[in-house]
Amino acid sequence: MAPKKRSRAAPSHSEASTETAGGRKARKEPAEEQQKDSYSHWLMKSEPESRIENGVDVKFGIEDLKALPNQTGCWDGVRNYQARNFMRDMRVGHQAFFYHSNCKEPGIAGLIKVVKEAYVDHTQFDKKDAHYDPSSKPENPKWSMVDVQYERTMKRFIPLSELKKHHLQHKAKGGPLKGVALFTRARLSVQPLSEEEFDFVLSLEDADNQI
DNA sequence: GCCAACGTTGGC
DNA sequence: GCCAACGTTGGC
């Protein structure tokens, strides 16, 4: 999964979500912002190295987001129902880790924040797009995206290998990362973190926490 | 580039 | 609605 460089799409109507495909419930009431059991921290995967899909380079690393006008871009190209549903749960101000996937050194590169809530991902209708979906019709769009803004690069890159060590350790002896989605639902490109998980990962930035 | 894990599709 | 075949993700 890799969003493309695009600073802002033409504003589309935000869809009332209907189908859920086994994920969590989609929202209906934009007025009720604070649903209790919903997440407010996320991890979003993108590929920082060039790879051609449908004739298009899907490269989009944190530096690419940082380079966009206003350091803001739309997170398009998500084509998995669970990941989409998580994006629909996102609210303005939520923080997410920017994760580099499918690359030489996978891991957490930085922090981003949600600046626009879910709306129609126009790239699903674009034959020239890497993530064109011929099965989706404009009258009933399948896929959504959010806008995110670069917040900062991590004080140091947090490699997947390090996160995995903690995960395994926590699984054996208990700890915040014992059930973290990055390993228990490895293929999800947009995933939630509990506050505890999020805080623990943040604490890894400090050198004395290194393994 | 290999391939395990897992999500999706479609025949029945 | 089962499930085999197929396609994709993403670490290694």
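Is Phe98 buried or exposed? In this predicted model, Phe98 is buried, because its relative accessible area is 0%, while the cut-off for burial is under 20%. That makes a handy starting point for a walk through the aromatic residues, the nonpolar cores and the DNA.

Let's begin with the rings. There are seven aromatic pairs in the structure. In one of them, Phe60 and Trp75 meet with ring centres 6.3 Å apart and planes at 85 degrees, so this pair is edge-to-face. Phe60 sits in the loop between strand S3 (56-57) and helix H1 (62-66), and Trp75 in the loop between strand S4 (72-74) and helix H2 (81-89), so the pair ties together parts that are 15 residues apart in sequence. Both Phe60 and Trp75 are buried.

Trp75 also brings us back to Phe98: these two rings form an edge-to-face pair, with 5.3 Å from centre to centre and 75 degrees between the planes. Here, too, distant parts of the chain are linked, since Trp75 belongs to the loop between S4 and H2 and Phe98 to strand S5 (residues 95-100), 23 residues away. Like Phe98, with its value of 0%, Trp75 has a relative accessible area of 0% and is therefore buried.

Elsewhere, ring pairs join Tyr39, Trp42 and Phe86 into a cluster. Tyr119 has a charged companion instead: Lys116 lies over the face of its ring, 4.3 Å from the ring centre.

Now to the nonpolar cores. The largest has 23 residues, and the members that touch the most others are Met44, Trp75 and Val190. At least two residues of this core come from each of strand S1 (41-46), H1, H2, S5, strand S6 (107-120) and strand S7 (144-159). S6 contributes the most, with four residues.

What is Val190 in contact with, leaving aside its neighbours within four places in sequence? The partners are Leu43, Met44, Trp75, Val78, Ala83, Phe86, Met87 and Met90. Trp75, met above in its pair with Phe60, is thus also one of the contacts of Val190, and Phe86 from the ring cluster is another. A second core, separate from this one, has 16 residues, including Phe97, Leu193, Phe198 and Phe200.

Finally, look at the DNA. Asn80, Tyr81 and Arg187 surround DNA strand B. Of the atoms of this strand that come within 4 Å of the protein, 47% belong to sugar and phosphate. Arg187 also reaches a base: one of its polar side-chain atoms lies 2.2 Å from a base oxygen of DNA strand B.

Notes:
Residues are numbered from 1 along each chain as its sequence is written. Chains are lettered from A and ligands numbered from 1 in the order in which they are written. This is a predicted model: local features need pLDDT of at least 70, side-chain atom pairs count only at pLDDT 80 or more; totals for chains, interfaces and linings use all residues. Side-chain values use heavy atoms; hydrogens and water are left out. A residue is near a molecule or strand if one of its heavy atoms lies within 4 Å of it. A polar contact is a pair of N or O atoms within 3.5 Å; within protein, one must be able to donate a hydrogen and the other to accept it, and residues adjacent in sequence count only if both atoms are side-chain atoms. Rings of Phe, Tyr and Trp (its six-membered ring) pair if their centres lie within 6.5 Å; planes under 30 degrees apart count as stacked, over 60 as edge-to-face and the rest as tilted. Buried means under 20% relative accessible area, exposed over 50%, partly exposed in between (1.4 Å probe, protein chains only). A charge sits over a ring if NZ of Lys or CZ of Arg is within 6 Å of the ring centre and within 35 degrees of the ring normal. A nonpolar core is a set of buried Ala, Val, Leu, Ile, Met, Phe, Trp, Tyr and Cys residues joined through side-chain atoms within 4.5 Å. Contact means heavy atoms within 4.5 Å.
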